[in-house]
Amino acid sequence: MVLHWSKLCTVLFLSQAWCFLHSFEEEVIPDEWVLLHVVQGHIGAGNYSYLRLNHNGKIILHMQSLKGDADLYVSDSTLHPSFDTYKLQSVTCGQDVVVVPMDFSRPVGIGIYGHPFHQESEFEMRVYYDQTVHEDPFTKGSYSPEDMGKQKRYQEVSAEDIQEEESVLWTIIIGILKIILEILF
């Protein structure tokens, strides 16, 4: 009987892990976006966790609440934004997305708030750089050597970030397998 329940729990756990991993694959991320960071964390009910964004350009903050409900507040005027002091926000249940414009002054403060309805919220935030260049019609055809160097630097960073993302995915898969082995043995 115990063996039957352990097999049932294992199947349930594997199906949840499979759904969790496929939820990231279903996201449609434009080719122009470069993954810069993946931040995971926990936040208690009614508390804030703060991050600082120093990257220039148009940045997309893509946060998924894995457990509970974490909300996102962003400001370029304070490093500790809250629901009282923010410029951008996303307060949905589940997936929160904020686009930080390139004209925001840096550093940008990011506040992650744990909704009080949940004792603890768990989140994963992916930080993307949008390398889409919007041409100014008045400067068409005039590129400085500095612009070319910046573009090359972003291309080099993107290859490193792709390897880092694969490493994070393998870490998650190995962690899930360890938990399964602990349950079985």
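A residue counts as buried when its relative accessible area is under 20%, as exposed when that value is over 50%, and as partly exposed in between. The structure above is a predicted model. With these cut-offs, aspartate 76 is buried, because its relative accessible area is 17%. Its side chain meets that of lysine 87 in a salt bridge, with 2.6 Å from N to O. Both residues lie in the loop between strand E4 and strand E5 (88-90), so the pair ties together parts that are 11 residues apart in sequence. Lysine 87 has a relative accessible area of 44% and is therefore partly exposed.

Side chains of opposite charge can pair when their charged atoms come close. In this model the count comes to 4 salt bridges. Besides the loop pair, two of them can be followed here, and each involves strands E3 and E8.

Start with how these strands are arranged. Strand E3 covers residues 58-67 and strand E8 covers residues 120-130; the two pair in the antiparallel sense over 9 bridges. Within this pairing, histidine 62 of E3 stands opposite arginine 126 in E8. Strand E3 also pairs with strand E6 (residues 95-100), again in the antiparallel sense, over 6 bridges. Here isoleucine 60 stands opposite valine 99 in E6.

Now return to the charged side chains. Aspartate 130 and lysine 58 meet in a salt bridge, with 3.4 Å from N to O. Aspartate 130 belongs to strand E8 and lysine 58 to strand E3, so this contact ties together parts that are 72 residues apart in sequence. How do the two partners differ in accessibility? Aspartate 130 is buried, at a relative accessible area of 8%, whereas lysine 58 is partly exposed, at 28%.

Glutamate 120 and lysine 67 also meet through their side chains in a salt bridge, at 3.4 Å from N to O. Glutamate 120 lies in E8 and lysine 67 in E3, so the pair ties together parts that are 53 residues apart in sequence. Glutamate 120 has a relative accessibility of 33% and counts as partly exposed. Lysine 67 is likewise partly exposed, with a relative accessible area of 41%.

The next topic is the nonpolar side chains. The largest nonpolar core has 18 residues, and those with the most contacts inside it are Ile59, Leu61, Leu72, Val74, Val100, Ile112 and Met125. Which elements give two or more residues to this core? They are E3, strand E4 (70-75), E6, strand E7 (108-114) and E8. The largest share, 4 residues, comes from E8.

Isoleucine 59 shows what one core residue touches. Leaving aside its neighbours within four places in sequence, isoleucine 59 is in contact with Leu36, Leu53, Val98, Val99, Val100, Arg106, Val127, Tyr128 and Tyr129.

Not every nonpolar side chain is in a core. Leu181, Leu184 and Phe185 form a nonpolar patch on the surface, and together they have about 370 Å² of accessible area. Leucine 184 lies in helix H2, which covers residues 145-184. Its relative accessibility is 41%, so leucine 184 counts as partly exposed.

Note on methods
Residues are numbered from 1 along each chain as its sequence is written. This is a predicted model: local features need pLDDT of at least 70, side-chain atom pairs count only at pLDDT 80 or more; totals for chains, interfaces and linings use all residues. Side-chain values use heavy atoms; hydrogens and water are left out. Two strands pair if DSSP finds at least two bridges between them. A nonpolar core is a set of buried Ala, Val, Leu, Ile, Met, Phe, Trp, Tyr and Cys residues joined through side-chain atoms within 4.5 Å. Buried means under 20% relative accessible area, exposed over 50%, partly exposed in between (1.4 Å probe, protein chains only). Contact means heavy atoms within 4.5 Å. Patches are made of residues with over 30% relative accessible area and no salt bridge: like charges are joined within 9 Å, nonpolar side chains (Val, Leu, Ile, Met, Phe, Trp, Tyr) within 5 Å. Accessible areas come from the Shrake-Rupley method with a 1.4 Å probe; for residues, only the protein chains shown count as cover.
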